[in-house]
Every structure is written in C-alpha cells, then in structure tokens.
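User: Could you take a close look at one part of this protein for me? I would like to hear about the parallel sheet and the listed binding-site positions, in plain bench language.

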Protein chains: 2
Amino acid sequence: MGYTKDDQLAIDTIRLLAVDATFTANSGHPGAPMGLAPAAHVMFNKFMSFNPSNPKWLNRDRFVLSNGHGCMLQYALLHLFGYKVSMDDIKAFRQVDSITPGHPEVMDTPGIEVTTGPLGQGFANAVGLAVAQAHTAAEFNKPGFDLITNHTFAFFGDGCAMEGIASEAASAAGHLQLGNLIMIYDDNHISIDGDTKCAFTEDVVKRFEAYGWHTQWVKEGDTDLEGIEKAIQIAKDVKDKPSMIKLTTTIGFGSLLQGTGGVHGNALKEDDCKQVKKKFGFNPDESFVVPQKVYEMYHKHAAEGAAKEAEWNKLLEKYGNEHKELAADLKRRLTGKLPEGWEKKLPTYKPGDKEQASRKLSEATLEAIHEVVPDLIGGSADLTGSNNTRWKNAIDFQPPSLGIGEYGGRYIRYGVREHAMAGMMNGISAYGTLIPFGGTFLNFVSYAAGSVRLSSLSHQRVIYVATHDSIGLGEDGPTHQPIETLAHFRALPNMMVWRPADGNECSAAYYMALTSTTTPSILALTRQNLPQLENSTLENGIKGGYVALENEKADITLVSTGSEVCICIEAVKYLKDKHNLTARVVSLPCFEVFDAQSKDYRLKVLPDGIPSMSVEVMSTLGWERYSHEQFGLNRFGASGAYKDVYKKFEFTPEGISKRAVATVDFYKGVKPRSPINRAFQQLI
Amino acid sequence: MGYTKDDQLAIDTIRLLAVDATFTANSGHPGAPMGLAPAAHVMFNKFMSFNPSNPKWLNRDRFVLSNGHGCMLQYALLHLFGYKVSMDDIKAFRQVDSITPGHPEVMDTPGIEVTTGPLGQGFANAVGLAVAQAHTAAEFNKPGFDLITNHTFAFFGDGCAMEGIASEAASAAGHLQLGNLIMIYDDNHISIDGDTKCAFTEDVVKRFEAYGWHTQWVKEGDTDLEGIEKAIQIAKDVKDKPSMIKLTTTIGFGSLLQGTGGVHGNALKEDDCKQVKKKFGFNPDESFVVPQKVYEMYHKHAAEGAAKEAEWNKLLEKYGNEHKELAADLKRRLTGKLPEGWEKKLPTYKPGDKEQASRKLSEATLEAIHEVVPDLIGGSADLTGSNNTRWKNAIDFQPPSLGIGEYGGRYIRYGVREHAMAGMMNGISAYGTLIPFGGTFLNFVSYAAGSVRLSSLSHQRVIYVATHDSIGLGEDGPTHQPIETLAHFRALPNMMVWRPADGNECSAAYYMALTSTTTPSILALTRQNLPQLENSTLENGIKGGYVALENEKADITLVSTGSEVCICIEAVKYLKDKHNLTARVVSLPCFEVFDAQSKDYRLKVLPDGIPSMSVEVMSTLGWERYSHEQFGLNRFGASGAYKDVYKKFEFTPEGISKRAVATVDFYKGVKPRSPINRAFQQLI
C-alpha cells in the first residue's frame, strides 16, 4: 500500500521499454505489457521473492507468462531487477541469436522459468510448478524447517482462457486444491480477431468457480495498484484453493490505439510512441530510458531477494544437520544426477524368460526403481490400469482433505486430460526436484502434441509412457491405433522415441530417459506379449540400435522395432527354410539415440552391400533413413483380435518373407550403399 | 409419457445386447450402454426423426455418441430400428472386417453420423453438426418452407467432459447460442481410474452455465423415463441456448459390478451375464435375444420416420417450384459435386506477376471462388488477419442477438480453439451441405491433431488453412516455427498435405482440396512473399509434383516445396556459375497426390540415374522417399527477421549449392536408381 509517483514511474518505464523494443524490432506485442505493467509491478515488487544473481534458487517464487507473446513485459522486468539481461539484449529483441526471442524461452534467458507462447501452455506449466512445489514441500519440509514455501504466480490472457489445455489444467488445479497458485487473468477484451465479443462471451470467473478456484475481480487494473495488492494478498491467504484474479485492463494502455486489436500484435507507429512517452512524462525523443530511481527501486527488491536466499541457505545448512539424508537427496536432485548405483535396480532378462507386454515390463521397471529414484513422480490420463504406470504401494498425490491421498504421494490422477498432463509435466520438470512421467495410449499422446513439442524445445526431462502402441492393441480399432504417431515424434528435434522389443530394451529406454537430463522421451509400449530376445542387453539397448540376430553373408537385413522384432526373427527361419535366403535382424528401438553413435558402429549394424528392409506396423515415413525398402502400414488399421489384425495386414513371418524376397530380387547384382552413408552432415 | 412394461423391455433388450456382444467379443464396454439405455430409448423413440431405409435423409435428427466406447448402445439401436445392421453384425462386434468395430466409424456402419471414440471428439462434432444445421436452415429455409429443422442430440461422459476439446467446443456453442443442440451428460461417476472423485470434482453443470448453456439435472437416470422425457422436451423448447442435461446413471446397471469401474471396459463374467438376464426377466441361457414386441415398437417409429421423410420430400419438391435455384443448389450439394465451371474462377498467374505470400494467394483464391462455391464456410482460430481466411464482404456466422452477424453468415470466429475448430469442422462436413475450412498457424494445427486424424479416418472434406508454415514466419521464433509438422501429417493416411510454391500451385491445392470429396487437406502457406514460377501451372500443380525447371544432362535434381522452390531455382544458376554443375528443380507440393500419379510420370519427374537432393526448411524425415540426400532442419528454428533466419540455417543459393556439390561428389560414378523404383508395393 502507499503507492507513490515512483511506482507509477516504474510501471511506465516497463510500458515504454515494451514500446521501444517492439518499435525497434518492428515486430512483437506491445499491448499486453502496457496493460499488465501495473499488475507485474505490484506482483514482483511486493510479493515475489527471487534473487537475480541466482535465478535457480530453489525456493524462489515462480512466474509464468502464459500469454508469452507479451514477453517484452518479462524481459523488461528481468532487466530492471538485475538479471543478466542487458539493455543491449532488450535492444536486440526478436533478432537472430539474441537472448530476447519472440517468445520466452527457458533455454535462452536467465530468469525465464518455462517456455511459453503457444497459448495455454504456460497455464498448464504453472499448475505443474505448483504441483511440484506442493509435493516437494510435503517431502522435505519438517517441523521448524519450512524449506519449500514458494508460490507460483502467472498471467494469462483471453487466448489462454479459450484453449482446451488451460481448461483441463484449471480443472485439475481446482481438484488438487493448489493453494500455492495465483493466476491473474488479463481481461482486456481483445484477441487477434478484435473484441472478444465475437467468439468468447462466457463467464470466465464463474467457470473457474465451477472448477473449485477462489476468484476475485479487480475492475480498474490499469490504475488500482492498491486493489491489485489487496487481491493478491487475499489470494495468498487462501490456502486450500488456487486463486484466479480477473483483472480488467486496457490493452496498449497509453497508446492512441489503446483498447483495440491494433495494439495487440503490432509495434506502435512513431508518432504514437512519441505521444505515449509524452503522456507518461518521458522525453518523446529518447528511447530505452530507465530512470535511475526505477533501477534503485527494483535493485533494492532484488537485494532483499538475495538476502532471503542467504537466509534460506542457512536454513538448508541447519536442515542438513538434522535431516542429513533428506538434505543430501535434495541437493543431489538439484544437480540432475540420479542416486549412485540406481541403475543396478533396472530389471534384466534372459532369453526364455516369460513373455510379457512391454507395458508390463515398464510397470516392472517402475516397481523396481521407484524407491531408489525418489525424483520420479508419475501418473496417467485416466488409464492407470492400461498404462501400468502405478507401482503397487503408490500413494496418490491428492489434497489431504479428500481422504484419498496426500501431497507427498507420488501418483498423479491426471484425469482424461492428456494435453494438460503433458503441460503440467513440463512445469513439474522445470521446478527442478522431480522427474515426471505420465501415461496414455500412444495414439493420444497426439492430443498433447502442443506440450510434447515444448518438452523437447525447452529441454525438459519428461517421460511419456505411451502404451497400446500399434494395431497390436486390437479390438479398440483404427480410432485408437497409431499410424502416423511415431513418424510425428521422430521428426521432433530433441525427442527420444523408444519402441522397445523386450525387457532389456525397456530397461535401456528407462536408463536413457532418466539419465538424459535435457531430452524428453516417449516410450511406445505394447498391449500384447513379447518374448525376451537373444542378443538384447542393456548395453545394446542404450545404443538405440544393435544387431539382434547376426548371420554371416546375409542376403538381407531386416530392421525393426518393438513387437515386430520377434516376428522378424521368426521370418529369418522362414526365409531360410522356404527361400534359402539368409537374413539378419537389427533392432532399432530409438532413432535419435542410434544416430548419436559413431559412424563405425552404425555401419556395423547397417552395413554396406546388403539390402535392408524395415518392418514396423505403422507409417513407413522416415524408415527410408535406415533401410532400402520398407514394410509398414500406410493406411489405417482395423478392429479385431490383435493376431487377426496382424494377419490381415500380413505382419507374419510369411508376409515379411514375401517382401524380403522381393527386396533381395530387386537388389540382385547391386551392392547397395548403407543408408548410414550420406553425402553431407545435417545442421544441428 | 405413459411408459409401459414394453418400454422397459426395450431398454433391457438394448442392455442385454451390449452384454452379449461384449461377452462374445470378450472385449468392449458394456457399462455405458447399460447405463444409458433408458435415455437412448426415450431420445430415439420419442424425439428423434430418422429413416433407417435412408440414413442420409438430410433433415434427419443427428445423434452423436461422444463416449464412443459405448458403441454397442448405438449398434443395438441401429439394429433394432432396422438400419442395415443385422444380428450377425452385432454378433461380429469387434471382429476384423465387421461393420461393428470397437468404436463407431462413419465409413463402416449405416446410421453412424461421425466417427467417435477418441474422447471429446464427438462433442465437438455435435457442435459442428449444429452449426451446419443452423447455417443450412438460414440459407435455405423460406417462409412456408421449414426445410431444415433437425436437432443434434448427443451423449457424452465424464471422459469427454474432462477433455479440452469439449471445453473449447462447449464454450463456442454457448457463444453461438445453438438452440438446436441437446447433449446428455452421463454422470455415472466412473472413469477408467475408478470413481471420478479421484480427478474430477468440478461442478460440471455450473461450468456449462458459465458457457451460456441451458442446464438441467435428471437425478434418476436409470429409471425416471418421464423425467428424461420432460427434460428433453424442455431442452427442445429452449431455442436460444444449447442444452445440457446432467443425467445421473448407474454404469453397468443390472450387473453385479454396477456402479464400479469393473464394468466400464470389460465384458461381464458368465455368471453375471446370467444373473442380469434373470433380473431383467430374460432367459439366462439365451443370448442376443430381441422380443418381437421390441422390434415392433422400434420398427413402428422407423416407419413414422420414413413417413416424415416422404412428407419432407414432397415439401422439397414444392420448394423446388418456388425456389428453383436454391433447391437445385441444395440437391447439388448433397451429391458432393461443385457447381459446374466453378474451377474457371480459380486465379492463375504467369511468371513476372507480383510476388505474394501464399497466405495472400490463398486469400485471393477464397475471394475468387466463394461466390461460385456457396458450400464453403470458413473461419479461423482467432488469426483472421494472419491466416487471411476472410473474404472482403464476408458476414460472420453469429447468433443474431449479438448484432455482429447472422446464422446465414459464412465466416466463423472459432476463438483460440484449434482443437474444437477441427472437431467442429468434421461435424460441419459430416452434415452434408457444407465444405468447411479453418485457419491457424501450421504449428498450431498440432493442437488439433486428434481431430485432424479423424478428418482423415472419417473421410471428411475439411480444409486446414495453415499459414506461417516454417522458420519463414521469422520473429515469433521457435515456439511458433514448425519443424516436425509436415512429417507428422504426411504420415497420416488419407491426408493431402500441400505446400504450394506460388499462385498456380495454390490454386491447384484448392482445386484438389475441393474436388477430393473423401480426403481432407492441409494447406501449408507462407507469411513471406514468393515469386510466380516459370513452369507452374494448374495442370502441373494438380499432379502433386512436376518439373519446375528442366535441364538436360543434369548432374542433380533439387526436389523442393513451397518457399524453397524459388531458392532452388536461384541455386541452379549459382551451381552453374560457381561449380559448372547442371541442376534441375522439381516442385513437389503434395506427396499424397504425387504418389497417385502413374509410375511413368513419377519417373519422368524423378528419373533414374541422377542423384537428387531435397530442400525444405524443416525435418527431413520422409524426404528419403523422394530424394537421395536431404537438406532440411532437424533442429528447432530461431527468432529473427526471416531473411536472417534463412541465412543462419544456410537456406540460400549458396547453402543449397554447397550440399548439392557434396551430393554430386558422393554419387560420382554411381547411377543411382530413382527413389520411385521400389521392390514391392505398399498395402493400401
């Protein structure tokens, strides 16, 4: 309370930095920063604790700008508070290789918590950050040691409010009673198509009430700093519900075009820049101006944040004396490394061991490692019994008042909300203490594509447990049988798509997923049983591809993944018996990891001079990279018992052999170059 | 009202058909059909008009089972009312090549309106069907001729209610005040993870009220037939709001496991089948029993429906006398054919014509053809000015009371709701009188992946106008720049992915998209300007691939799409001048359409003996199918002015040439086979 002219000066400084940066870039979104500057000022300066000198301090309050197009707001704040974002960085807004890209990216800019911009993502990330805080607090806080107390603050706009992912995440957050989550809804009535009246006339506050949120409305968001402060304070005091504050603002406040779509996604015109500076009492002929007073005010708050961290570090030290193991565990988690020797718990198998569906193998892995990897926190989008994602004695992550779990629980019931699950997992991962995994059918990972993409782009260690990975799911039929899905995610940079063929490959997939700290993984797992293969070992598996069945002087290499590897191995016998052809089999559970092996190794697996044929029961797209010919399914599947479906599409030893024979014939007299040999390297 | 024992008999017959079919298949979902049979009975028999002898009668009431896993409910109804679904078909439930697959598919089963099962899709489809009805009625109904009066009825469950797509669609439907839409929410408290209490505790009715829906609650959904009837009647009487009736039911009503998750996705055990038959007064030792009375009751209703259609046909005939052109137009639309000569309106271009972004070329196409193709109804997910999807004099499709449009309007403001837009477009297309198109950034078509997949699977003529199709969008940066997206959708069966290089190719894309009545299309369009190419013609474009620049005795073929074709053409000159190499250029705007050309033609475009290199600024995955070497972007993009970004990643004549030289070197002394030549045909 007791706001002065200096506060207004700070707010207008933020506004004008957004005006100048977008004008200089001739690109970007000045409207939201100009409208939200007052709320940002109050929130950051009065409520948030953070230390710009150490943006990774664990107990900092988190801020998420879900309407990420307004990122000049965030860059301005980071600069003013003294993060490593210089005025030159601000001036390089939206230029190639700057640290101030068109939307906030966690990899680029110190102080950015999560990568946002695709609408609704930040909303789900914020819910995930709040989940992670609640869980970490429950695990580590002890009497006298309130170590983990941070809040998650977020802004979201009309666009986010319309997105399904935000609806899903809001419903989940309400259910989970996340009192540590405070979100401000920028009710500015403008989206790209103009007045929200043209598409969005629902009662947003009432909707959030229906989700179980605490709601408030600040009607004069442009000017009522005390009202904003009061609302945030009330929201902080509400401990058993997430809070949404509807803040009515004027987009582009101060511009001649304020309150219109004209100021949403376009820089202000030069004369408008000048008039707004004049209006705010700034020199219309100067740009990128920060009054010293403003720096001082914000640096003071930053120093208070640094002091809080110092205090917290002392608390942590004391905590370490009384709770040695917990403190060590917490510190280890923050390094991203797993507990020493954890990998010894990974199940291994030998040929002849029981046939099992890889979803069951995945379950066995989780069962085996969950104690030794306490960072794991998992769940499913309402397919727990099908995804096999829950270890036996798991406790649900639930608000205690429901009586069906606790915040210390490590199993999250995401509901039928695949997109929010993925977005929340990105937030959970970004928090820093946890490794999230989440289950759904492989086909429905596509529902989450927007968030999966951001797992990759923002380097989150997130694990998608994607069961029912092919036509092998059988009766559910084409609506549930992935065809394009693996191609989709294999084309996504920085994503490991695994399709293990047996138990050891499944363990290898988990090993790589858990130890790759900056790469997410999708584990495509079967519903149907698979035998344990001869040459499959953890060591082979973690190379992403290896020879599953070697044969000297082979006529053909069969390259396959998952449930088709064992059929290929049967086909080898069939080819010898019926066609007197010698085949070898390569298992290629993960393209991305195989690509990272030495060329020598890859050429041993896929050698020159032997024609090769891929076998996988889905789209062949992309398999041309690892094989000369492709046997797959470039059409939709069929509903029926899985063996009947495989037979219908000829994924049998006979069907494979027929095509292998055609391949060998086609390459008669040709010694084809291995597809590993390429004319030039790809850009990375 | 006045329900008798016969009604109960019909209801129990439906329940037991679901019990028997799932038991015989040993697979499927008996719970929902057993719980929803009373509501289905009342809805179909008391309210819905349809003619099983002509499932395509335009003015039939539409029914959508959004919780598609309960499809035995729908198959049982179709059988009982006399659609071409025999008892043998029911007995073949979930068997390969039956017409009763694991989830309802419009291509397979007469009487199924839309393909559902992936949760939330049917909900959005129903909203789309209601939009199409409202629009078609506004276009064709005239005083004295209430031709188009049907309602859309739908069921949805907790799973659908949790999905973001349903939230988006519900918000849109509320905004659009679709009084012709009546949806029953099966409030059975059970999803796959068990009691919905574990993840879904929001107030669903209040949420729908917030969206602007009319809501009711029938508390005894298992038994209160009169209450159900009354509620549906009230919903029908509400003309200015969509209606949601919360119907509290018992999943698996009658089973020993009723009210539990055990009866959701598993067949009943044998003894349970027997006891439920006994409980309902059926012989426990008989299966697939339909009492004659039940057939009679339903056939009577079917006959009434047939009579209604006959009456309607007379009305249409009379209408034809008074409104000749409208009647002819309506009849034409139902054939799927476009008005004769429409294609003459497609813009054509010649080399030297103005450079334009392909999003602008798309706009010009829509401007040119919207009058001659009145079936077109379009919109955007709140990116109208960026997608250029709105012709100049378009009227918005809006409820008249808002004063900003009318139901006769042909431009839909979808809001920031990509997934719902796509799902609604599937419903609009399924209605039968309209061809929907919808705009968003290519990167955000991924948000709609679940529905896009169903456009393909269910053969809907839906057009995705996907602008900002690459790193060429520039400053918005990696969060908005597609990398994996084209590979994703190229791997999707029955989807035309177009990336036109100029104006004539853009017209070709529209030509194919509009004339392919059973295949959806994605048009990937640039933000940046493109020149009009030398060899580009409509005739070449509609082949999906052609020689854009021929050169005899070429050393290399450059194969490209969209905005990179013109850079390849520049590279030809660069290669000649700097490296004395001769290159030819192929433009391949649509893989799917190119694949459908004769092998002869394809080999002319991509001949044997010449090494080829693809050039496209995104994932190279899949390009191995059309080229020997690939130049693309297997990493995320960058934020900056588009020319700087292209330069950074070397998509310049020089960068292309460097790699072309490496390719020519690599193939020195080798006469590579064209990638068109393959060892065997793919299954279709």
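Analyst: Happy to help; here is a walk through the sheet, then the annotated positions, and finally one helix of the other chain.

Please keep in mind that this is a predicted model. Let's start with the sheet in chain A. It is an open sheet of 6 strands with parallel pairing, in the order E10-E9-E11-E12-E14-E13. Strand E10 (411-413) and strand E13 (496-498) of chain A sit at the edges; each has a single partner strand, so one side of each is left without a neighbour in the sheet. From one strand to the next, the twist averages 20 degrees.

Within that order, strand E12 (residues 463-467) of chain A pairs with strand E14 (residues 521-524) of chain A in the parallel sense, over 4 bridges. If you want a pair to click on, Val465(A) has Leu523(A) as its bridge partner in E14(A). Helix H19 (residues 503-515) of chain A packs on this sheet, where it touches strand E9 (376-380), strand E11 (435-441), E12, E13 and E14 of chain A. The direction of H19 makes about 165 degrees with that of E13(A).

Now to the annotation. An unreviewed UniProt entry lists, under "binding site", His29(A), His264(A), Arg359(A), Ser386(A), His468(A), Asp476(A), His480(A) and Arg527(A). These positions span 499 residues in sequence, and the farthest two C-alpha atoms are 48.2 Å apart, so they do not all gather at one spot.

Two of the listed histidines do touch each other: the contacts of His29(A) include His264(A). His29(A) lies in the loop between helix H1 (5-25) and helix H2 (31-47) of chain A. His29(A) has a relative accessible area of 11%, which is under 20%, so it is buried. Among the other residues it touches are His69(A), Arg94(A) and, from the other chain, Asp476(B).

His264(A) lies in the loop between strand E7 (243-248) and helix H10 (270-279) of chain A. His264(A) is also buried, with a relative accessible area of 12%. Besides His29(A), its contacts include His69(A), Ile190(A), Ile192(A) and Ile251(A). His69(A) therefore appears in the contacts of His29(A) and in those of His264(A).

Last, a helix in chain B. Helix H15 (residues 418-431) of chain B has 14 residues and reaches 20 Å from its first C-alpha to its last, close to the 20 Å expected. H15(B) is mostly covered, with 14 of its 14 residues buried. Right after H15(B) comes Gly432(B), with a positive phi near 115 degrees.

Conventions
Residues numbered from 1 in each chain as written. Chains lettered and ligands numbered in written order. Predicted model: local features only at pLDDT ≥ 70, side-chain atom pairs only at ≥ 80, totals over all residues. Heavy atoms only, no water. Pairing = 2+ DSSP bridges. Helix = DSSP H or I, 4+ residues; strand = E, 2+ residues; numbered from the N terminus. Axes fitted to C-alpha atoms, helices over the stretch in contact; angles between N-to-C directions. Contact = heavy atoms within 4.5 Å. UniProt positions renumbered as here; feature names shortened; annotations may be inferred. Buried < 20%, exposed > 50% of the residue type's maximum accessible area, 1.4 Å probe, protein only. Expected span 1.5 Å × (residues − 1). Lists of a residue's contacts leave out its neighbours within four places in sequence.
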